[in-house]
Amino acid sequence: MNFRAPLALCLACILSLAACSTPPHGSIVQPQQSAEIDTQAIQLNQVGYLPEGAKWAVLRDVPASSFALVDAVTGQEVWRGPLRNAQRWEPAQEVLRLADFSAWRQPGRYRVKVAGLAPSAPFVIAADAYVALNAAALKFFYYNRASIALDPVHAGVWARPAGHPDDRVLVHASAAGPGRAEGSVFSAPKGWYDAGDYNKYIVNSGITVYTLLAAYEHFPAFFDAQRLSIPESGNGLPDVLDEALWNLEWMLSMQDPVDGGVYHKLTDKGFDGIVMPHEARHDRYVVMKATAATLDFAAVMAQASRVFAAFEAQRPGLSARMMAASKRAWGWAKAHPDVIYRQPADIHTGGYDDNQLADELAWAAAELYISTREDGYWHALKQAVPRIEIPGWSSVGALAWVSLAQHRDRLTPVADRKLIEGQIRSLATGLAERWDRSPYRLAMQSEDFIWGSNAVALNQALMLIQGYRLDSDRRMLDAAQSALDFVLGRHPSGYAMVTGFGTRSPLHPHHRPSGAMPRQPPVPGMIVGGPNPGPGDDCPGAYPSKVPAKAYLDALCSYTTNEIAINWNAPLVYVSAAVQTLTPKP
């Protein structure tokens, strides 16, 4: 295969924009893509492993009975282990074998060798294996900010002029109401561009901000120590909260000041071409208020209120403002329980429409209950108890249980701790059992390879981590590690699915700023959607396979497999921080 030659960049340069010669563990920021390395014959985490973490590789069926771990520099064998018996894994429609080298814990840079196959891609075993990955995944949100110029000091070669000030947003006919007539103008700046496009959506912002705030709530020491080199760094807030606040302040502007309802999205009427943000100058609109958006807003603002309460000195009044906004949104949703978003005929951007609202109601009730300790919200949650399932933008019920489990020791007496723990335990146990039975050591099944399949894997990992935090069942942590391995290169496509990481990673993501800067490598730290055996009509005839786990194409045209999205990057931030933090230390 014809891969691009290596570029002499490293993640430390990107995060600090200072000169460097040796990348930190786990980072090869512009992948060393080379035709000499076959990343599909032996599939493994191309970034690396923690010394005490589970370590698996997957390989094609060969006659060999063992595998060797060799020093990546000298080629000297350091350890040998047996290969597992061959089994067929349906999502890849291949017969595969497993190599388990979890017993080898010595830090270093290695490769796996098996007779009859080319050596694997190099990887590290290091105590900080996922620190650089996590920082890049989080800094992606800075690169995707609206309404701000990215300066060379913080953005390096990805610096760009400001785009979409969003200080003159038009009220669409579907959003008109008392105090805001059709065509009237108001200001709603900041926020993140949602995905490969330049629009901003409350529903998708909801689960995204939640996941980043949950990462901070669950692992505060990790994020307190992190420095991303963003404009706000050093202002007294952890960088993850500064970044989340950029989007939260936009979300606050999306609430109708008259009645408390929340607009579904801020958007052009259609998608822009592959241009830089400052070159996209179409009129921008807010589109109708809807119950799902309003409940997602209520949930996130209640969560953010309790997180920012600890930073009253840095941001006076912010926590109270968020709580007041949450309660107003809750009131609107209770008065308008079934306003489903319907795409207006003249709007042609992402829909994010959702007909099932019980999960949004339960999530908002849970966050308000935790933050206010008012029993009425618990009773509202109990009336709408959702079935727990892997979270996604249209299925947020699991987020209620994650937050309740996190705060279960501080709830009022009406809360049913057995119910809360049982919800988490049932889902995590089922995923761990699937992982344990899988010939690929992965909980993913053929039906999980949908639009955003990489995020499905990471959200499975997020729920497995909740099970591990509850019961310390090591299977659940190892299964979460496997999902992280999957998106970092133990993948049938042979790709590490995060831009700038691993030996072979995406070079042509469906991301307008990256596509509009073809002379630069893509913005680092972005996870692409991943295999999706759907129609494939975005790049006709170009897909190499329709097999569920292999239906991936690294091309700008492939929005169905190679787009990026804020709600996909957020679980990468969470899971990489969790695995880095929770894996036992030597």
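This is a short tour of the structure, one selection at a time.

**Before you start**

Remember that you are looking at a predicted model. Colour the protein by pLDDT if your viewer allows it. The mean pLDDT is 93, and 94% of the residues reach 70 or more. Now select residues 1-32: here pLDDT stays under 50, and the model has 86 contacts beyond four places in sequence for this stretch. Treat that part of the picture with care, and let's move on.

**Stop 1: an open sheet**

Switch to a cartoon view and look for the open sheet of five strands, in the order S11-S10-S14-S13-S12. The pairing in this sheet is mixed. Which strands stand at the edges? Select 185-186 for S11 and 200-201 for S12: each of these has a single partner strand, so one side of each is left without a neighbour in the sheet.

Stay with S12 and add residues 263-267, which form strand S13. The two strands run antiparallel and are joined by two bridges. To see where they line up, show Lys200, which stands opposite Leu266 of S13.

**Stop 2: strands S4, S8 and S9**

Next, select residues 66-71 (strand S4) together with residues 108-113 (strand S8). How many bridges pair these two strands? There are four, and the pairing is antiparallel. Show Leu69 and you will find its bridge partner, Val112, in S8.

Now add residues 123-125, which are strand S9. S8 pairs with S9 too, again in the antiparallel sense, over three bridges. Here the residues to show are Gly108 and its bridge partner in S9, Ile125.

**Stop 3: the nonpolar cores**

Time to look inside. The largest nonpolar core has 184 residues. Those with the most contacts inside it are Val114, Phe223, Leu248, Phe308, Leu404 and Leu484, so select these six as your landmarks. Then highlight residues 291-308: this is helix H7, which gives the most to the core, with twelve residues.

Zoom in on Leu404. Beyond its close neighbours in sequence (up to four places away), Leu404 touches Ala366, Tyr369, Ile370, Trp378, Leu381, Leu411 and Ile420. Another core, of five residues, lies apart from the largest one; among its members are Val287, Ala290, Tyr341 and Ile347.

**Stop 4: Thr499 in its loop**

Select Thr499, in the loop between helix H14 (474-487) and helix H15 (512-515). Is this residue buried or exposed? Thr499 is buried, with a relative accessible area of 0%. Leaving out neighbours within four places in sequence, its contacts include Ser505, Pro506, Pro509 and Met526.

Add Val523 to your selection. The two residues are 24 apart in sequence, yet their C-alpha atoms are 7.0 Å apart in space. Turn on the side chain of Thr499 and you can follow it to the backbone oxygen of Val523, at 2.7 Å.

**Stop 5: the disulfide**

For the last stop, select Cys539 and Cys557, which are joined by a disulfide with an S to S distance of 2.0 Å. A search of the whole structure finds one disulfide. Both cysteines lie in the loop between H15 and helix H16 (566-582), so the pair ties together parts that are 18 residues apart in sequence. Their link is right-handed, with 125° about the S-S bond.

Finally, show the surface around the pair. Cys539 is buried, at 3% relative accessible area, whereas Cys557 counts as partly exposed, at 36%.

Key: Residues are numbered from 1 along each chain as its sequence is written. This is a predicted model: local features need pLDDT of at least 70, side-chain atom pairs count only at pLDDT 80 or more; totals for chains, interfaces and linings use all residues. Side-chain values use heavy atoms; hydrogens and water are left out. Two strands pair if DSSP finds at least two bridges between them. Buried means under 20% relative accessible area, exposed over 50%, partly exposed in between (1.4 Å probe, protein chains only). Contact means heavy atoms within 4.5 Å. A polar contact is a pair of N or O atoms within 3.5 Å; within protein, one must be able to donate a hydrogen and the other to accept it, and residues adjacent in sequence count only if both atoms are side-chain atoms. pLDDT is the predictor's confidence in each residue, from 0 to 100. A disulfide is a pair of cysteine sulfur atoms within 2.5 Å. A nonpolar core is a set of buried Ala, Val, Leu, Ile, Met, Phe, Trp, Tyr and Cys residues joined through side-chain atoms within 4.5 Å.
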